[in-house]
Amino acid sequence: MTDRVGESVRVFAHSNTLLVSHVYNLLEAAGIPAELRNMTLGGGAGELPLGECEPEVWVKSHNRERADALIGDALTGRSDAAAWHCPGCGETLEGVFEACWKCGAGRP
């Protein structure tokens with residue numbers, strides 16, 4: 001079965017609500033509207049099937065491919081961003097960082 005245009009699809013689920021929230025924030029920051037579901041159903045585990053109690057992140061089906069790529073990159077630590085030099089102190093930083101760990105200056 002294929003996704004219908006405009007239909008929401010689950011792109012991530014995990015028992016760790018902090019990780020689910022991180023993925024949600026990552027997608028929102030990338031301009032992909034996302035929805036959190038089941039964030040408070042953990043207490044129902046045992047009464048409800050475990051797979052239906054896990055916190056989840058959902059997006060519209062047309063955003064699925066991009067969301068999957070961003071989530072995959074984030075969970076494996078991959079990034080296309082190039083390393084950069086801090087304008088405040090000259091420290092060399094990996095591309096995934098938006099602020100200098102040494103002096104706190106923002107990425108140029």
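Let me start with valine 57. Leaving aside neighbours within four places in sequence, valine 57 is in contact with Val9, Arg10, Val11, Phe12, Val20, Val23, Tyr24, Leu27, Ala34, Glu35 and Leu36. One caution before I go on: this is a predicted model.

Where is valine 57? In strand β3. Buried or exposed? Its relative accessibility is 0%, so valine 57 counts as buried. One pair to look at on the screen: valine 57 and valine 20. They sit 37 residues apart in sequence, and their C-alpha atoms are 6.8 Å apart in space.

Now step back to the whole chain. It has 108 residues, and 23% of them count as buried. There are two helices and five strands. Read along the sequence, the order is β-α-β-β-α-β-β. Take the contacts between residues at least 6 apart in sequence. Of these, 46% join residues at least 24 apart.

Next, the core. Which residues make up the largest nonpolar core? There are 12: Val9, Val11, Phe12, Val20, Val23, Leu27, Ile32, Ala34, Val57, Val59, Ala67 and Ile71. Four elements give two or more residues each to this core: β1 (8-13), α1 (17-29), β3 (56-60) and α2 (64-76). There is another core, apart from that one. It has five residues, among them Trp84, Cys86, Leu93 and Cys100. As background, nonpolar side chains in soluble globular proteins tend to be buried together.

Back to the largest core, and two of its members. Take valine 11. Setting aside neighbours within four places in sequence, valine 11 is in contact with Leu27, Val57, Val59, Arg64, Ala67, Asp68 and Ile71.

Then isoleucine 71. This one is in helix α2. Isoleucine 71 counts as buried because its relative accessibility is 6%, and the cut-off for buried is under 20%. Beyond four places in sequence, isoleucine 71 is in contact with Val11, Phe12, Val23, Leu26 and Leu27. Compare the position of tyrosine 24. Isoleucine 71 and tyrosine 24 are 47 residues apart in sequence and 9.4 Å apart in space, C-alpha to C-alpha.

That brings us to the helix pair. How do α1 and α2 cross? Their axes come within 10 Å and cross at roughly 125°. That angle makes α1 oblique to α2. The crossing is right-handed. On the α1 side we have Leu19, Val23, Leu26 and Leu27. They meet Ala67, Leu70, Ile71, Ala74 and Leu75 in α2. By class, this contact has nine nonpolar residues, no polar ones and no charged ones.

Look at leucine 70 in that list. Leucine 70 lies in helix α2. Its relative accessible area is 25%, so leucine 70 is partly exposed. Past four places in sequence, leucine 70 is in contact with Leu26, Leu27, Ala30 and Ile32. For alanine 30, the sequence separation from leucine 70 is 40 residues, and the C-alpha distance is 8.6 Å.

Now some residues outside the helices. First, asparagine 63. Which loop holds asparagine 63? The loop between β3 and α2. At 15% relative accessibility, asparagine 63 counts as buried. With neighbours within four places in sequence left out, asparagine 63 is in contact with Ile32 and Pro33.

Second, glycine 6. You will find glycine 6 in the segment before β1. Glycine 6 is partly exposed because its relative accessible area is 32%. Not counting residues up to four places away in sequence, glycine 6 touches Lys60 and Ser61. Histidine 62 is 56 residues from glycine 6 in sequence, and 6.8 Å away in space, C-alpha to C-alpha.

Last, asparagine 38. Where does asparagine 38 sit? In the loop between β2 (34-37) and β3. Check the backbone there. Most residues other than glycine have a negative phi. Asparagine 38 is not a glycine, yet its phi is positive, about 65°.

To close, go back to where we began. Valine 57 is in β3, and β3 is one of the elements that give two or more residues to the largest nonpolar core. Helices α1 and α2 are also among those elements, and their crossing is right-handed.

How values were computed: Residues numbered from 1 in each chain as written. Predicted model: local features only at pLDDT ≥ 70, side-chain atom pairs only at ≥ 80, totals over all residues. Heavy atoms only, no water. Core = buried A, V, L, I, M, F, W, Y, C linked by side-chain atoms within 4.5 Å. Buried < 20%, exposed > 50% of the residue type's maximum accessible area, 1.4 Å probe, protein only. Contact = heavy atoms within 4.5 Å. Axes fitted to C-alpha atoms, helices over the stretch in contact; angles between N-to-C directions. Parallel < 35°, antiparallel > 145°, perpendicular 65-115°, else oblique. Left-handed = near helix turned anticlockwise from the far one by under 90°. Nonpolar A, V, L, I, M, F, W, Y, C, P; charged D, E, K, R; others polar.
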